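Here are some short exercises, each with a worked solution. Have the viewer open and try each task before reading on.

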Amino acid sequence: MYYFDSFLVRSFAYFTIKDRLPQILTRVIDTLHRHKNEFFEEHGEKGIEAEKNTISILSKLRNELQTDKPLVPLDDKLPDVPLWNQYLEYQQNLLDGNEQPSWFQSPWLYVECYMYRRIHEALVHNPPIDDYDVFKEAKIESFFESQQAIIALCTYLQEHLKNIEDLDEKQLQEELFKLLQVSLWGNKCDLSISAGEDNSQKASPLKSLDNLKTLILVDDMESIWSLLINSKKRRTSIEVTRVDIVLDNAGYELITDLILADFLLSSKLVTEIHFHGKCIPWYVSDTTKQDFNWTIKQLQSANNRWMSRCGMNWEGSIKKGVLVYHDHIFWTLPHEFCSMAQVATDLYTELQKSHLIIFKGDLNYRKLTGDRKWEFTVPFHQALNKFHPAPLCSLRTLKSDVQVGLKPGQGEQFVTSEPDWMICGKYGVVQFDASL
Ligand SMILES: O=P(O)(O)OC[C@@]1(O)O[C@H](CO)[C@@H](O)[C@@H]1O
Ligand SMILES: [Mn+2]
């Protein structure tokens, strides 16, 4: 480990930038090669030309990355370009005069986000394939690889929870805890950490919960339960209880989030759910609006009756306005969340309407905590650095070396027995922050 301009450039970060990011770029180039005919059929010669140009831009990008070239401003005229280029200037100002931000010499969080935005820029510059999602194939494959687990969850929701009104409070709490854990462990299925290798859910999601419980390092599920049940008890017939879920990966993880949302609505713990997805293809498997709509349609047309019932119900909830999908450019900027109030005031104001914001996944956790090398025992509230639009919680499996809110010795216990405990995705947290 070494310090660089107050950012600790960490060994895992270096591995990611030097090895994993080029692998991801290579997969993207390979995907474009493999879809050449599709581009020709759809767009003729123009499609082939666009594919060729995009591949050469991405090959050049990969070389820049691998040879630690300076980071350059974006120029694809999309609305987020000024924010990206201001951020580059901010990074420039952190350095002394003659140095320039470069791939190895800039904060990991920034250069990784920057790479995904540069991939998008390469496509945007090459109509008519400018709206092509280079990760779509991987996300779809991951969905189909997780079919058994998805069927198990839809069956559980439709069969086991069909008489949800008859459940008493204790049973309701138990079901909430189960589905919070299913949503937490759904976060293991992320294609960025696997650099695109299959990372689908094979085991039955509900059967494995008990022996995974000990792997939850921070368990604030009780706090989430009391916030929701008290809000339900206090709520008059015309009032709203709103939960926002800041989504992470498409495929299996998105299903776990939809199942959790359905339970929250059907149990009347919550009256509306707001989902937040990404505006552009991001970190290989993150959910875009296209992924969200495709997933609902896919369920509806499934030949499994419980899957299609879920798909119909969820489309109905969207039509009724109790399930709302948002996407804001802030989620695909490099900024830490403590700057949201300044950088994306409209989004911060929107999130202030929520009673509970659930942040899914590791990248969101890194942005919540500013991706700093905090001491493990620093309180979560302190690491949030005044980011607090509403009570919030993180459901995150550990895939990068930042963790706060642990008890003394809880992190240190792994240093010898499991040195990669923070990056292997085996451990998780359900970490809650109540109020300012
Ligand atoms: O946010 P997610 O999907 O849980 O994880 C994103 C991730 O795979 O990408 C980064 C490493 O490349 C890390 O933040 C993390 O490992
Ligand atoms: Mn992700």
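**Exercise 1.** How far apart do the end C-alpha atoms of residues 16-413 lie, and what share of the span is helix and what share strand?

*Solution.* Start with the ground rules: this is a predicted model, where local features need pLDDT of at least 70 and side-chain atom pairs count only at pLDDT 80 or more, while totals for chains, interfaces and linings use all residues. Residues are numbered from 1 along each chain as its sequence is written, with chains lettered from A and ligands numbered from 1 in the order in which they are written. Next, take the two ends: their C-alpha atoms are 25 Å apart. Then read the make-up: 52% helix and 8% strand, as DSSP runs (helices H or I, at least four residues; strands E, at least two). Finally, an unreviewed UniProt entry annotates residues 16-413 as "domain: Damage-control phosphatase ARMT1-like metal-binding"; such annotations may be inferred rather than shown by experiment.

**Exercise 2.** Describe how domain 1 touches domain 2.

*Solution.* First, the bounds are 2-124 for domain 1 and 144-433 for domain 2, from an automatic or database domain assignment. Their C-alpha centres are 28 Å apart. Second, 20 residues of domain 1 contact 18 of domain 2 (C-beta atoms, placed from the backbone, within 7 Å). Third, on the domain 1 side, α1 (11-34), α4 (81-94) and α5 (108-124) each supply at least two residues. Of the elements on that side, α5 gives the most, with seven residues.

Note on methods
Contact = placed C-beta atoms within 7 Å.
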